[in-house]
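Here are a few exercises to work through with the sequence and the 3D view side by side. Try each task before you read its solution.

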Amino acid sequence: MKIVVAIKQTPARDSQLRIAGTGKWIEEADLAYEVNEPDAYALEEALQLKEKHGGEVIALSAGPARVAQTIREALAKGADRAIHIEEDMGALDPLAAARLLAAAVKSEAPDLVLTGLQSDDLGYGQTGVILAELLGLPHATIVMKVEVDGGAIRVKRELEDGWFQQMEMPLPALLTIQSGIGKLRYATLMGIKKAKTKEVKRLTAADLGVAAESAGVVLDRIYTPERSKRIQLFTGTPQEAAAQLVEKLRFEARVL
Amino acid sequence: MSILAVLEHNGRAWNRMSWETLAAAQQIARELNTTVSAAVVRPDGQSLAGELARTRLERVYLVDHELLAEYTADGFSLALRQLIERVKPELLLFPHTYQVRDFLPKLATSLGKAAVTDAIAHRVHDGAVVFVRQFFQGKVNADVRFAGDAPHFASLQAGAYRADQVAEGASEVEIFRPDLRAAQIRGKPLELFRESERAVDLTAAGIIVSVGRGIKEAGNIPVVEKLARALGAELAASRPICDAGWLPMERQVGSSGQTVSPKLYVAVGISGAIQHLVGMKGSRTVVAINKDPNAPIFEVADYGIVGDLFQVVPELTAAIEKIKKS
């Protein structure tokens, strides 16, 4: 079974973000990056499917040179090889992003394409589904379990409000994976060593014959949202802040 | 410029967000001085369409085909694409539900478009709609516009518009029968189910202490357990904590867990991603303890402490134990 897993590198979760002077993106210079969390679970699922059914896992990521680190981590965890589309993605809309990914996936003709259900940076939650449409594949979103049965798969989809649904579809197919589908593995020392010898194919948008520009959604500006005025913040030592909070909870909110 | 609101119904009940989307569509139509119609996909859905026809709309389209009895991304996308070709709306609005997330990107792509998903607000500028979206889990807002020709697509976040603002009226129902063949629908939906009866009913709790990623590891959970015990509260968590197995799934608050509205909700080390906020923002009093002053949880909190939870929570627990004793 040949699996392509599309992963994205996003700013680390606890990053303090500053808006860049252009007002169109964040200041990237001093940020730490990590793999987008749902994509880490997509990679985990791909590796588990390979362990069960054999085959190959190809990690695919688009972004500038720093993305090489996220790709190395995927290879260290067990991906067999990788494709790095070296482009500055920024706030590129999901259609443009998916067109780049689709061009790279097409020549691989995989049995299964996996990706996280959404990114923690732009959060459109569209790239996987668009990729499926561009590749002409059936898809399922927010997947919590995957079972392969010959030329078909059966998946468990998460719905709202605690409901789930089973669904079957033929292969090849694309799935967007929900966080928590499996337990994330760590790279082993052996894995890290082996990763250095694995193939990483580097491509640009030009190599793929695709324009790296937003096709459907134009970003005017980004800005820090206005904070609501009603919050009361307590400062001082932890002890002082706790005492002030308890006072308010007792005599103002009257909930204690 | 005309607007089409595509609304969601599960066969038993309207999704509440459908009415929010309808209210938004009516509001945007007023601001653009244009008309709004609505569509619902449902075989034999005359009574549903009839409910919509009692609101102020140009027309209600009932998309009716036996292959649409069960939701599939292929079926809905193909049927709505044909409706768009027939009605030619310029702006289509959807509630940002799990179902819409499953088919809207496919539908838009099939017409060469990209949708603006999960919008929280809009404004009209020079006769065009600018939508506001959240980036970076709510830390940053973005103003976005559509590029290229109509049709344009947007989905609206739960709670972004008010369902009680739907204007009443009278409109006609038109039945639209798309041309579909069974072979076009590749995914086969099977049974719907819930994992288990919920042993923990967080919705009945008066006080909830909820813990998020800031707790760092399973071994630290007792820090918040002690606070919950002091307050006589139920312990709950954001999704990542349950995903990691540090607390059982049945204690999850948020879009995929329970929706709660206690008199006091104490969010400890929870940044406040929208998926969590939708599950707790109806709480009467919200307290947030987080080390990041820009965490979105502070937007919905009444009281907050910016600081290290491992220092703050034990102090808070001690202060509460003290007043409970006295």
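**Exercise 1.** Which elements do the buried residues of H9(B) pack against?

*Solution.* Before we start, a word on the model: it is predicted, so local features need pLDDT of at least 70, side-chain atom pairs count only at pLDDT 80 or more, and totals for chains, interfaces and linings use all residues. Residues are numbered from 1 along each chain as its sequence is written, while chains are lettered from A and ligands numbered from 1 in the order in which they are written.

Step 1. Find the helix: H9(B) covers residues 309–325 of chain B. Helices (H or I, at least four residues) and strands (E, at least two) are DSSP runs, numbered from the N terminus.

Step 2. List its buried residues: B:Leu309, B:Val312, B:Val313, B:Glu315, B:Leu316, B:Thr317, B:Ala319 and B:Ile320. A residue is buried if 20 or more other C-beta atoms lie within 10 Å of its own, exposed if 12 or fewer, and partly exposed in between, with C-beta atoms placed from the backbone.

Step 3. Look for what they pack against: helix H7 (238–251) of chain A, together with helix H5 (221–231), E14, E15 and E16 of chain B. Contact here requires C-beta atoms, placed from the backbone, within 7 Å.

Step 4. Add the orientation: H9(B) lies across E14, E15 and E16 of chain B and runs at about 135° to E15(B). Axes are lines fitted to C-alpha atoms, for helices over the stretch in contact, and angles run from 0 to 180 degrees between N-to-C directions.

**Exercise 2.** Work out the strand order of the sheet that holds E14(B) and E15(B), and find its edges.

*Solution.* Step 1. Read the order of this open, six-stranded sheet: E13(A)-E16(B)-E15(B)-E14(B)-E12(B)-E13(B), with parallel pairing.

Step 2. Go to the edges: E13 (232–234) of chain A and E13 (234–237) of chain B each have a single partner strand, so one side of each lacks a neighbour in the sheet. The twist from one strand to the next averages 20°.

Step 3. Check one pair: E14(B) (264–268) and E15(B) (285–290) are parallel over five bridges, and B:Leu264 has B:Thr285 as its bridge partner. Strands pair if DSSP finds at least two bridges between them.

**Exercise 3.** Is strand E6 (residues 112–116) of chain A mostly covered or uncovered?

*Solution.* Step 1. Count: five of its five residues are buried, so to speak a mostly covered strand.

Step 2. Split the faces: A:Leu112, A:Leu114 and A:Gly116 are buried on one side, A:Val113 and A:Thr115 on the other.

Step 3. Find the partners. E1 (2–6) of chain A pairs with E6(A) in the parallel sense over four bridges, and A:Val4 stands opposite A:Val113. E10 (173–177) of chain A also runs parallel to E6(A), over five bridges, with A:Leu114 opposite A:Leu175.

**Exercise 4.** How many residues of chain B are in contact with chain A?

*Solution.* Step 1. The count is 67 residues of chain B against 68 residues of chain A.

Step 2. Sort the chain B side by class: 31 nonpolar, 16 polar and 20 charged residues. Ala, Val, Leu, Ile, Met, Phe, Trp, Tyr, Cys and Pro count as nonpolar, Asp, Glu, Lys and Arg as charged, and the others, Gly among them, as polar.

Step 3. Look for strands across the chains: E12 (217–223) of chain A and E8 (140–146) of chain B run antiparallel and share six bridges. Within this pair, A:Ile222 stands opposite B:Ala142.

Notes. Two residues are in contact if their C-beta atoms, placed from the backbone, lie within 7 Å.
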